[in-house]
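The following paragraphs guide a reader through a protein structure. They begin with a term that the later description needs, and then turn to the fold, the core and the aromatic rings.

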Amino acid sequence: MSEEKKRYSEEELKEFEAIINDKLEKAQIALDDIKSTLSRINDNGTDNTAGSTKVLEDGADTAEKENLSQLAARQQKFITNLENALVRIKNGTYGVCVDTGNLISKERLRAVPHTMHSIEAKLKQNQ
């Protein structure tokens, strides 16, 4: 019985894989949208050459580009973390806390499917 508690079953892993794939698909769509918006801002930035309001628009465009770039970077990191979780499913280490070696609760994995830390280990990190 204790050996069983060290890993999730194939059926449980399939459930987590489906959750991860769903989040991965949505995250990729969101990233594509961000990139598309960034591209439009860059395209518009070369067209406007009118007067003093241009300076204000440039400032707003720059701030928006910066925010979108940061958002894109976070989204890309999230996608990478989800892809890494799929690798852990394939190699049989998914759902095992890297700090304690114990199983991460299903509730936590459903909420944060790419996590590598149990809630106990995460709380210790934050102290």
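A residue is called buried when its relative accessible area is under 20%, exposed when that value is over 50%, and partly exposed in between. With this term in hand, the predicted model can be read from the inside outwards. Both Phe16 and Tyr94 are buried, and these two residues return at several points below.

The overall plan comes next. The protein has 4 helices and 0 strands, and the order of its elements from the N terminus is α-α-α-α. Of its 127 residues, 25% are buried. The accessible surface amounts to about 8600 Å², and carbon and sulfur atoms hold 52% of that area. Among contacts with a separation of 6 or more, 65% join residues that are 24 or more positions apart.

In soluble globular proteins, nonpolar side chains tend to be buried together. In this model, the largest nonpolar core has 22 residues, and the members that touch the most others are Phe16, Ile20, Ile89, Tyr94 and Leu109. Two or more residues of this core are given by each of helix H1 (10-45) and helix H2 (53-91). H1 provides the largest share, with 9 residues.

What is in contact with Tyr94, leaving aside its neighbours within four places in sequence? The list consists of Tyr8, Leu13, Phe16, Ile20, Ala85, Arg88, Ile89, Leu109 and Pro113.

The aromatic rings deserve separate attention. A pair of aromatic rings is described by the distance of the centres and the angle of the planes. The whole structure contains 2 aromatic pairs. In one of them, Tyr8 and Phe16 meet edge-to-face, with 5.4 Å from centre to centre and 65° between the planes. Tyr8 and Phe16 are both buried. The ring centres of Phe16 and Tyr94 also lie 5.4 Å apart, but their planes stand at 50°, so this pair counts as tilted. It links distant parts of the chain, since Phe16 belongs to helix H1 and Tyr94 to the loop between H2 and helix H3 (106-111), 78 residues apart. Through such ring pairs, Tyr8, Phe16 and Tyr94 are joined into a cluster.

A last residue lies outside this cluster of rings. Glu64 is located in helix H2. Its relative accessibility is 38%, and Glu64 therefore counts as partly exposed. Between Glu64 and Ile41 there are 8.6 Å in space, C-alpha to C-alpha, although the two are 23 residues apart in sequence.

How values were computed: Residues are numbered from 1 along each chain as its sequence is written. This is a predicted model: local features need pLDDT of at least 70, side-chain atom pairs count only at pLDDT 80 or more; totals for chains, interfaces and linings use all residues. Side-chain values use heavy atoms; hydrogens and water are left out. A nonpolar core is a set of buried Ala, Val, Leu, Ile, Met, Phe, Trp, Tyr and Cys residues joined through side-chain atoms within 4.5 Å. Buried means under 20% relative accessible area, exposed over 50%, partly exposed in between (1.4 Å probe, protein chains only). Contact means heavy atoms within 4.5 Å. Accessible areas come from the Shrake-Rupley method with a 1.4 Å probe; for residues, only the protein chains shown count as cover. Rings of Phe, Tyr and Trp (its six-membered ring) pair if their centres lie within 6.5 Å; planes under 30 degrees apart count as stacked, over 60 as edge-to-face and the rest as tilted.
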